[in-house]
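Here's a set of exercises to work through with the model open beside you. Try each task yourself before you read the solution.

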Amino acid sequence: MRMLLVLAMMGWGLVWPLSKMLLEFGSPAQIASLRYLLVFLCFVPLMWLWKISFKIPRVVLVPTLLTGALNALYSYLMYAGMPYGDSGNAGVITEVLSPIMAAFLWSVYKRESLARSAKIGLMLGLLAGAFLVDLFGNWRAMFSAFYIIYVLASLDWAALMISSRLATERINAIALNFYTSVMTFILLSPALFLDAKDSSGAFITSIWGQGAEFFLLIGVASVFCTVFATTIFYKALFVLGVVEGGIYALLAPVFALGFAFLMLGEVPRWHTIVGGVLAVGSIYIINVLGKKH
């Protein structure tokens, strides 16, 4: 299971450079919509095989719908910010800031006072965020489209983590991912009927004219990086526990930087590395040390 979990985190890291490459074939909404069409089609046989109910309990209908809407927004932002900067940096910012934001938002939602370890972790997280947006090197850069988009994406994902936490109190995590994928596809699907990048007509009618590279990229991003990685992660949380499983999630931003360098030649910036390391430490303190105590 541990080796499978490492592979899953490789998938979460790999999706960032793949996403930037996919934008050569369509707009952010078009690529995100097509990706999640493939994702929810893949989840159907998995749910049937594992006998997971398709029923949504009425008590968690609102958080389930909210999770789907937040995922659609996140998916759009994920692709929309790619033209403004490096995919590896985007992956690190989003992967490491969202758990820190979620920890703070969850404490506000539950009206709970933060434990000492959580306070230390959040303070370290604030420092990490300052490095990630290059506040100390070029403070004006934090107002650039790239950083604004991915900080918003991190905040969106943090809210999604909370809504999905509430939904999974009564619905299977795989079922939640299925309905989240369905909603993401539905909300973004109108973009499929807009013109393709090569002006050959509607994007949906030009799909079959794309080359093998397009189908390989969208297939890997959908099946390996999303369906496989998400399924293995939730299975690992059940087998290994939340603490140990959560530690492996810290590998995702490392793989994002590595794959971006290998596939796109993106050289990680020093402030991204420093901020990423501090943020990983913050997440470890909040989610691991905090739960141990």
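The exercises below go from the whole chain down to single residues, and keep in mind that this is a predicted model.

**Exercise 1. The overall fold**

Task: Work out how many helices and strands the chain has, and in what order the elements run.

Solution: Start with the count, which comes to 12 helices and zero strands. Next, read from the N terminus: the order is α-α-α-α-α-α-α-α-α-α-α-α. The chain's radius of gyration is 19 Å, close to the 19 Å given by the globule rule for 293 residues, so the chain is as compact as a globular protein of that length. Finally, put a box around the C-alpha atoms along the principal axes, and you get roughly 55 × 50 × 35 Å.

**Exercise 2. Inside and outside**

Task: Find what share of the chain is buried, and what share of the accessible surface belongs to carbon and sulfur atoms.

Solution: Begin with the inside: of the 293 residues, 51% are buried. Then go to the surface, where the accessible area is about 14100 Å² and carbon and sulfur atoms contribute 70% of that. Now look at the contacts between residues with a separation of 6 or more: 86% of them join residues 24 or more positions apart.

**Exercise 3. Charges**

Task: Tally the charged side chains, then track down the salt bridge and say which residues form it.

Solution: The tally gives 18 positive and 12 negative side chains. The centres of these two sets sit 16 Å apart. As a general point, side chains of opposite charge can pair when their charged atoms come close. With a cut-off of 4 Å between nitrogen and carboxyl oxygen, the count is one salt bridge. The partners are Arg165 and Glu169, whose closest N and O atoms are 3.2 Å apart. As for its surroundings, Arg165 has 42% relative accessibility and so counts as partly exposed.

**Exercise 4. Helix H1 and its distant partners**

Task: Take Ala8 and Gly11, decide whether each is buried or exposed, and list what each one touches beyond its sequence neighbours.

Solution: First, place them: Ala8 lies in helix H1, residues 2-22, and Gly11 is in helix H1 as well. Second, check accessibility against the 20% limit for buried. Ala8 comes out at 0%, so it is buried, and Gly11 is also buried, at 0%. Third, leave out residues up to four places away in sequence and see what remains. Ala8 touches Phe228, Ala229 and Ile232, while Gly11 touches Phe224 and Cys225. Last, look at C-alpha distances. Ala8 and Phe233 are 225 residues apart in sequence but 6.7 Å apart in space. For Gly11 and Ala221, the figures are 210 residues and 7.9 Å.

**Exercise 5. Two threonines**

Task: Say where Thr94 and Thr226 lie, and which residues they contact away from their own stretch of sequence.

Solution: Thr94 first. It belongs to helix H4, residues 87-110, and with a relative accessible area of 1% it is buried. Setting aside neighbours within four places, Thr94 is in contact with Trp16, Tyr74, Tyr150 and Ser154.

Now Thr226. Its place is in helix H9, residues 212-240, and at 8% relative accessibility Thr226 is buried. Beyond four places in sequence, Thr226 touches Arg35, Tyr36, Val39, Ala221 and Thr231. To get a feel for spacing, go to Ala236, 10 residues from Thr226 along the chain: the two C-alpha atoms are separated by 15 Å.

**Exercise 6. Helix H2 and the loop after it**

Task: Describe the setting of Leu37 and Lys51, and find what is notable about the phi of Lys51.

Solution: Leu37 is in helix H2, residues 28-49. At a relative accessible area of 23%, Leu37 is partly exposed. Its C-alpha atom is separated by 9.6 Å from that of Met183, which is 146 residues away along the chain.

Lys51 sits in the loop between H2 and helix H3 (61-80). With 76% relative accessibility, Lys51 counts as exposed. Now for the backbone: most residues other than glycine have a negative phi. Lys51 goes the other way, with a positive phi of about 55° although it is not a glycine.

Notes:
Residues are numbered from 1 along each chain as its sequence is written. This is a predicted model: local features need pLDDT of at least 70, side-chain atom pairs count only at pLDDT 80 or more; totals for chains, interfaces and linings use all residues. Side-chain values use heavy atoms; hydrogens and water are left out. Helices (H or I, at least four residues) and strands (E, at least two) are DSSP runs, numbered from the N terminus. The radius of gyration is taken over C-alpha atoms; the globule rule is 2.2 Å times the number of residues to the power 0.38. Buried means under 20% relative accessible area, exposed over 50%, partly exposed in between (1.4 Å probe, protein chains only). Contact means heavy atoms within 4.5 Å. Accessible areas come from the Shrake-Rupley method with a 1.4 Å probe; for residues, only the protein chains shown count as cover. Lys and Arg count as positive and Asp and Glu as negative; His and the chain ends are not counted. The place of a charge is taken as NZ of Lys, CZ of Arg, CG of Asp or CD of Glu.
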